[in-house]
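Please open the structure in your viewer and keep the sequence beside it, since this tour moves from one selection to the next and describes what can be found at each stop.

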Amino acid sequence: MDVERLRAFLAVADQGHFGHAAERLHITQPGLTKRIRALEEQIGGQLFDRDRQPVRLTPLGTLLLPQVRRLVRDADALLHDARGAVDGQIGHLNIGFGLSTIAVAPWLVARFRAAHPGVSVSMNDYSSHEQVNRLRRDELDLGFIRMPAPPDLTSCPLASDRLAIAVPQHLDIPSGARLLGWLTAQDFIALREARGPGLAAQVRTWCRSAAFDPKVVQEADDIQTVLALVSAGLGCAIVPASSEALLPGRLRLLAVEGKEAAWSIGAAWKAQREVGALGHLVRIVRAGVLMPEGFGGY
């Protein structure tokens with residue numbers, strides 16, 4: 001049903017006068033009359049008693065008036081929401097993040113939410129590999145992942161991270177050449193590989209380059225548990241340096257040197273989906289060089 005015909009019906013019903021209703025709608029009176037007649041023909045009955053002044057609704061018009069008001073109100077709400085979605089001011093985004101982006105991702109999303117409060121955001125903790133798969137299936141709008149991203153996705157580098165060895169805060173740690181020997185004698189806690197395949201691969205690469213074989217005695221399903229176990233004195237762990245933000249002050253992180261211990265992190269998304277709310281988020285991500293000091297160069 002033509003919404004403009006319904007608007008014409010409401011205007012005449014409210015004004016009780018075809019001329020005044022036409023002025024309210026900014027159309028000519030003949031144009032308004034044409035819309036009302038077309039609506040009456042479509043419905044199959046007369047809506048107004050035109051022989052009386054002011055113009056009055058017929059019983060059919062009185063019956064339909066509340067429903068027409070609801071239809072026009074719903075049409076206006078639909079148009080508002082559609083325009084808001086196109087403009088990126090309303091909607092919903094599914095965002096992925098992982099271990100190395102656990103500080104970067106929330107900070108950038110918080111900037112986005114401050115600028116676009118009408119857009120709701122879900123943040124999902126997945127490995128980079130899982131994020132890429134979900135991006136390809138359109139189950140995520142944007143993912144914060146280890147770089148490089150695959151060529152079928154658009155990406156933007158944001159920061160860097162590197163491995164660090166988490167040790168209990170109270171331990172007396174030797175320095176220099178004695179450190180590796182000391183670590184060899186320690187128990188280690190590791191994140192289960194299925195939960196962080198990228199981290200596991202990075203740890204293996206560094207361990208081979210350093211000729212170091214950590215004695216893993218326990219595994220955990222999330223990095224918070226790994227760090228909590230280290231903090232409790234149950235062992236050491238090789239973790240992203242960025243994970244220090246999860247348990248500040250409760251453990252120590254020993255820097256791991258060498259290019260094998262470092263990697264880049266960034267954001268990835270499908271170029272064809274870069275519209276509306278996602279387009280606004282991408283612009284904020286691309287301006288990630290404005291991130292606070294300390295987010296990059298771990």
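Is D152 buried, partly exposed or exposed? D152 is partly exposed, with a relative accessible area of 44%, where buried means under 20% relative accessible area, exposed over 50% and partly exposed in between, calculated with a 1.4 Å probe on protein chains only. Before going on, note that this is a predicted model, in which local features need pLDDT of at least 70 and side-chain atom pairs count only at pLDDT 80 or more, while totals for chains, interfaces and linings use all residues. Residues are numbered from 1 along each chain as its sequence is written, and side-chain values use heavy atoms, with hydrogens and water left out.

**Stop 1: salt bridges around helix α6**

Keep D152 selected and add R136, which forms a salt bridge with D152, the closest N and O atoms being 2.8 Å apart; a salt bridge is a side-chain nitrogen of Lys or Arg within 4 Å of a carboxyl oxygen of Asp or Glu. R136 lies in helix α6 (residues 128–136) and D152 in the loop between β5 (142–146) and β6, so this pair ties together parts that are 16 residues apart in sequence. The helices (H or I, at least four residues) and strands (E, at least two) named on this tour are DSSP runs, numbered from the N terminus. R136 is itself partly exposed, with a relative accessible area of 39%.

Next select R134 and E139, whose side chains meet in another salt bridge, at 3.2 Å from N to O. R134 counts as partly exposed at 21% relative accessibility, and E139 counts as partly exposed at 36%.

**Stop 2: the loop between β5 and β6**

Now select M147 and P148, which are joined by a cis peptide bond with omega at about 5 degrees. P148 is found in the loop between β5 and β6.

**Stop 3: from helix α1 to helix α4**

Select R7 and D76, which form a salt bridge with the closest N and O atoms 2.6 Å apart. D76 lies in helix α4 (residues 59–87) and R7 in helix α1 (residues 3–15), so the pair ties together parts that are 69 residues apart in sequence. D76 counts as partly exposed at 34% relative accessibility, and R7 likewise counts as partly exposed, at 22%. If you add E4 and R35 to the selection, you will have a network of E4, R7, R35 and D76, joined by salt bridges that share partners. A search of the whole structure finds 20 salt bridges.

**Stop 4: two crossings on helix α3**

Show α1 together with α3, whose axes come within 9 Å and cross at roughly 110 degrees; such axes are lines fitted to C-alpha atoms, for helices over the stretch in contact, and angles run from 0 to 180 degrees between N-to-C directions. That makes α1 roughly perpendicular to α3, a term used for angles of 65 to 115 degrees. The contact, meaning heavy atoms within 4.5 Å, includes F9 and V12 of α1 and L39 and Q42 of α3.

Then show helix α2 (residues 18–25) with helix α3 (residues 29–43), whose axes come within 9 Å and cross at roughly 100 degrees. That makes α2 roughly perpendicular to α3 as well. To see the contact, select F18, G19, A21, A22 and L25 in α2, which meet Q29, L32, T33 and I36 in α3.

**Stop 5: two loop residues with positive phi**

Select H26 in the loop between α2 and α3, where phi is near 60 degrees, a positive value in a residue other than glycine. H26 counts as exposed, at 74% relative accessibility. A211, in the loop between α8 (197–210) and β8 (215–220), also has a positive phi, near 50 degrees, and counts as exposed at 71% relative accessibility.

**Stop 6: the nonpolar cores**

Finally, which residues have the most contacts inside the largest nonpolar core? They are L142, F144, L163, I165, W206, I238 and V285, within a core of 56 residues; a nonpolar core is a set of buried Ala, Val, Leu, Ile, Met, Phe, Trp, Tyr and Cys residues joined through side-chain atoms within 4.5 Å. The largest share of this core, 7 residues, comes from strand β6 (residues 154–168). Apart from it lies another core, of 19 residues, among them L10, L39, L47 and F48.

How values were computed. Parallel < 35°, antiparallel > 145°, perpendicular 65-115°, else oblique.
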